[in-house]
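Here are some exercises to work through with the model open in your viewer. Try each task on your own, then compare your steps with the solution.

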Amino acid sequence: MRAKFNQKIALVWTPGHSSITWNERADSLAKDVTESDLYIEWISVEDICSYYSNLSIQKPIENFRNSKYLEILEDLPFILSLAPWLKNRREDIIITCILTRMIITPALLHRFGLHNNPFFSVCNQENTIEHILVICKKYLPHRMIFCLKLNLNFQIFSSYKVFLHTICSSKRHLQVLLRMLKLFDIY
């Protein structure tokens, strides 16, 4: 890009927090944003996909399967390779947050010290995305509606892993899930 537009780039070191007006102003604005909005999308879809693409090139899948991350992420690289992304940045971010269990829930906020109670008041279980979408009795009617809309047997969702494989199996499944997230109190 630089060569195409015949531009020169110069890198200049600037001392941080040294009473330089615009440096101090930029630092102040950055602090205001991070302190005021707890729902900043910290990780972009592109970063996650790039990370897993690099990981799959650098490490054989067997190494991943033998690592401590398998328990946390399960078959995420496999799901990412199958996922028929919707090509809508906002929707792709939501799907990625669901896949990586980083969608905003009380349990996730509690993990980062931003919520005082990780448990769901109705059933007193940790209020994670897995609990909400697969286990919680409060959302049973919504899961049944979801299954009806997709012509799926309700019993198919025996685990979060099965749930993820099922919703990532088609673009239609992903779209139905995205439309129904409000019913699960996920926005």
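A residue counts as buried when its relative accessible area is under 20%, and as exposed when that area is over 50%. Please keep in mind that this is a predicted model.

**Exercise 1. A helix and its cover**

Task: Find out which residues of helix α6 are buried, and say what their number tells you about the helix.

Solution.
- Step 1. Locate the helix: α6 spans residues 89-99.
- Step 2. Apply the cut-off of under 20% to its residues. The buried ones are D92, I93, I94, I95, T96, C97, I98 and L99.
- Step 3. Eight of the eleven residues are buried, so α6 is largely enclosed by the rest of the structure.
- Step 4. Look just past the helix: R101 follows α6 and has a positive phi, near 60°.

**Exercise 2. The whole chain**

Task: Describe the secondary structure of the protein chain, then its burial, its contacts and its surface.

Solution.
- Step 1. Count the elements: there are eleven helices and zero strands. Written in sequence order, the pattern is α-α-α-α-α-α-α-α-α-α-α.
- Step 2. Of the 187 residues in the chain, 34% are buried.
- Step 3. Take the contacts with a separation of 6 or more; 47% of them join residues 24 or more positions apart.
- Step 4. The accessible surface is about 12800 Å², and carbon and sulfur atoms hold 56% of that area.

**Exercise 3. Two helix packings**

Task: Work out how α11 is oriented relative to α10 and relative to α6, and list the residues that make each contact.

Solution. Two packed helices are described by the angle between their axes and the distance between the axes.
- Step 1. Helix α10 (residues 160-167) and helix α11 (residues 171-180) have axes 7 Å apart, at an angle of about 115°. Angles of 65 to 115 degrees count as roughly perpendicular, and α10 is therefore roughly perpendicular to α11.
- Step 2. On the α10 side the contact uses F163, T166 and I167; on the α11 side it uses H173, L174 and L177. Sorted by class, this contact has four nonpolar, two polar and no charged residues.
- Step 3. The axes of α6 and α11 come within 11 Å and cross at roughly 90°. Helix α6 is therefore roughly perpendicular to α11 as well.
- Step 4. Here E91, I94, I95 and I98 of α6 meet L174, L177 and L178 of α11. The classes are six nonpolar, no polar and one charged.

**Exercise 4. One histidine**

Task: Is H173 buried or exposed, and which residues does it contact beyond its sequence neighbours?

Solution.
- Step 1. Place the residue: H173 belongs to helix α11.
- Step 2. The relative accessible area of H173 is 12%, so the residue is buried.
- Step 3. Set aside the neighbours within four places in sequence. What remains in contact with H173 is F146, L150, T166 and I167.

**Exercise 5. Aromatic rings**

Task: Classify the ring pairs F146 with F163 and Y160 with F163.

Solution. A pair of aromatic rings is described by the distance of the centres and the angle of the planes.
- Step 1. The count for the model is four aromatic pairs.
- Step 2. F146 and F163 have ring centres 6.1 Å apart and planes at 40°, so this pair is tilted. F146 sits in helix α9 (residues 140-150) and F163 in helix α10, so the pair ties together parts 17 residues apart in sequence.
- Step 3. Y160 and F163 are stacked, with 6.0 Å from centre to centre and 15° between the planes. Both lie in helix α10, three residues apart, about one turn of the helix.
- Step 4. Check burial: F146 is buried, Y160 is buried at 5% relative accessibility, and F163 is buried at 2%.
- Step 5. There is also an aromatic cluster, formed by F120, Y139 and F184.

**Exercise 6. Positive phi in two loops**

Task: Where do N124 and N151 lie, and are they buried or exposed?

Solution.
- Step 1. N124 is not a glycine, yet its phi is positive, about 55°. The residue is in the loop between α7 (106-111) and α8 (129-135), and it is exposed at 60% relative accessible area.
- Step 2. N151 has a positive phi near 55° and is likewise a residue other than glycine. It lies in the loop between α9 and α10 and is exposed, with a relative accessible area of 68%.

Key. Residues are numbered from 1 along each chain as its sequence is written. This is a predicted model: local features need pLDDT of at least 70, side-chain atom pairs count only at pLDDT 80 or more; totals for chains, interfaces and linings use all residues. Side-chain values use heavy atoms; hydrogens and water are left out. Helices (H or I, at least four residues) and strands (E, at least two) are DSSP runs, numbered from the N terminus. Buried means under 20% relative accessible area, exposed over 50%, partly exposed in between (1.4 Å probe, protein chains only). Contact means heavy atoms within 4.5 Å. Accessible areas come from the Shrake-Rupley method with a 1.4 Å probe; for residues, only the protein chains shown count as cover. Axes are lines fitted to C-alpha atoms, for helices over the stretch in contact, and angles run from 0 to 180 degrees between N-to-C directions. Angles under 35 degrees count as roughly parallel, over 145 as roughly antiparallel, 65 to 115 as roughly perpendicular and the rest as oblique. Ala, Val, Leu, Ile, Met, Phe, Trp, Tyr, Cys and Pro count as nonpolar, Asp, Glu, Lys and Arg as charged, and the others, Gly among them, as polar. Rings of Phe, Tyr and Trp (its six-membered ring) pair if their centres lie within 6.5 Å; planes under 30 degrees apart count as stacked, over 60 as edge-to-face and the rest as tilted.
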